[in-house]
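Me: I would like to go through this model by question and answer. Please keep the replies short and show the reasoning.

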Amino acid sequence: GSGMADSPSFPPGQQFPFQRLHRWNCTSVLMGCTLGAWLSILWERLGDVAWRMYGHRVIVLTLSACFNSLLSLVESAVYGRQVAAQPIKDDPVMILGHPRTGTTLVFNLLGIDTASYVFPTTYLTTFPFTALTLRPVKGLVSSALPATRPMDNMELGLDMPQEDELGTTQLSGGVSLVMPIVFMTRCKEYFPYFTFEGTPPAHFERWRKGFELLLRKAALLAGGQGSRRMLLKSPMHTARVRLFGNMFPRASFIYIHRHPYEVFQSAANMAEKTYSLTYLDDPTNAQIQEFILSQFELLLNEYLAARDAVKDRLLEIRYEDFSKDPFEGVRGIYAHFGWPMPMRSELQAYCSTLRAYQKNEFCQLSVGLKGLVYARWRKAFDVFGYSP
């Protein structure tokens, strides 16, 4: 990319004070990349790397990419034909919503129903080039991962449902909306990948190929998809309703929304605790905050512009209602679409374990930040009926 990075600024009372954590962490959303994928990302952004701060991350990613490249050759040779033979069906169930609105809760709950769904897992999206080959040592990998997500204590198992875009980012060599958490100072340059309108066709093709390869591997890892539906969740898909409506004529969409103040607070908490795990550049507080604000605006505008086109296969739910009684919420989803519930008792059992889940306690937003969030996200307050 050329030109200067964006340098937004906010008045002192309207700036969230992000702490810088995890400087020495080397696990990354790119640690499953092959050398080709990683070098194409690095080459484009060489001038943006904060070498003194994060040079060690670049070294570790380069070494792991060499290892992944060797293994991926094995993967293609041994499993290539089997993967290619997996059909991609036109009826996925897509969970939409801004980051931090409860999409993971809905995803994990529906993911209990393995009679109805297959889905990409944390294991697959972390190692999308090598997941089939690494299966014998999966246990070792598992012990290296934290048991819960760093930002919100939710369970993080290797076989739990995970955002497909995390895998597609790597398979496509960085054509993805996950990239801003690696190069935050350049986040706006990735924004065209929300809808792919006006991006070079070759970039869209790289994304589409990566996405489809991931779906085929998810099906194979689940022992074949059969009559089951692919269950997908990635917040950036919220801007892709038009794209997926055409790509998957029989897709069903579930959109969850939550009070915008809570969303902002949770997003700021996540930026502090998890984005810093993967930065390769050194963004200002204002750049991080502007990313959170503008990503929300873009997702919301694209979603609202496209939702009428799929209204006969869309359900909108409120996080506040859903999280009060998750089992009732899930039952409502099945009832709305007229789907059978083959694993009702397993779902009920899982919901009873959720009562123990520790939700984050956030410090209250300052008056200045509330004013900023209301000014920027007013449309969400109005459309979904939240009071400021």
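What follows is a set of questions and replies on a predicted model.

Me: Which helix gives the largest share of the largest nonpolar core?
Reply: The largest nonpolar core holds 92 residues, and those with the most contacts inside it are Leu 30, Trp 38 and Phe 264. Its largest share is eleven residues, and they come from the helix spanning residues 285–306. That helix is α11.

Me: How many residues are in the other core that lies apart from it?
Reply: This other core includes Ile 95, Leu 231, Phe 322 and Phe 327. Its size is 28 residues.

Me: Which residues of helix α11 (residues 285–306) does Phe 264 contact, leaving aside neighbours within four places in sequence?
Reply: The contacts of Phe 264 include Phe 16, Leu 365, Leu 369, Val 373 and Trp 377. Helix α11 covers residues 285–306. The contacts of Phe 264 numbered within that range are Gln 289, Ile 292 and Leu 293.

Me: Is helix α6 largely enclosed by the rest of the structure or exposed, and what covers its buried residues?
Reply: Eight of the eight residues of α6 (residues 164–171) are buried, so the helix is largely enclosed by the rest of the structure. Among them are Asp 164, Glu 165 and Gln 170. The covering elements include α1, α4, α8 and β3.

Me: Is Asn 246 buried or exposed?
Reply: Asn 246 is part of helix α9, residues 241–247. Exposed requires a relative accessible area over 50%. Asn 246 has 66% relative accessibility, so it counts as exposed.

Me: What is the C-alpha to C-alpha distance between Asn 246 and Asp 90?
Reply: Asn 246 and Asp 90 are 156 residues apart in sequence. In space, C-alpha to C-alpha, they are 9.7 Å apart.

Me: Where does Arg 100 lie, and what is its phi?
Reply: Arg 100 lies in the loop between β1 (93–96) and α3 (103–111). At 11% relative accessibility, it counts as buried. Its phi is positive, in a residue other than glycine, and is near 80°.

Me: What is the phi of Phe 196?
Reply: Phe 196 is in the loop between α7 (187–190) and α8, and its relative accessible area of 8% makes it buried. Ring pairs also link Phe 196 into a cluster that includes Tyr 193, Phe 204 and Trp 207. The phi of Phe 196 is positive, near 70°.

Me: Which residue's side chain makes a polar contact with that of Thr 104?
Reply: Thr 104 is in helix α3 and, at 11% relative accessibility, counts as buried. Its side chain takes part in a polar contact of 3.0 Å. The partner is Lys 233.

Me: Is the pair of Phe 211 and Phe 244 stacked, tilted or edge-to-face?
Reply: The whole structure contains 25 aromatic pairs. Phe 211 and Phe 244 have ring centres 5.6 Å apart and planes at 45°. Planes under 30 degrees apart count as stacked and over 60 as edge-to-face. The angle of 45° falls under neither, so the pair is tilted.

Me: Which parts of the chain does the pair of Phe 211 and Phe 244 tie together?
Reply: Phe 211 has 0% relative accessibility and counts as buried, and Phe 244 is buried with a relative accessible area of 0%. The parts they tie together are 33 residues apart in sequence. Those parts are helix α8 and helix α9.

Conventions. Residues numbered from 1 in each chain as written. Heavy atoms only, no water. Core = buried A, V, L, I, M, F, W, Y, C linked by side-chain atoms within 4.5 Å. Buried < 20%, exposed > 50% of the residue type's maximum accessible area, 1.4 Å probe, protein only. Helix = DSSP H or I, 4+ residues; strand = E, 2+ residues; numbered from the N terminus. Contact = heavy atoms within 4.5 Å. Polar contact = N/O pair within 3.5 Å; in protein donor to acceptor, adjacent residues only side chain to side chain. Phe/Tyr/Trp six-rings, centres within 6.5 Å; stacked < 30°, edge-to-face > 60°.
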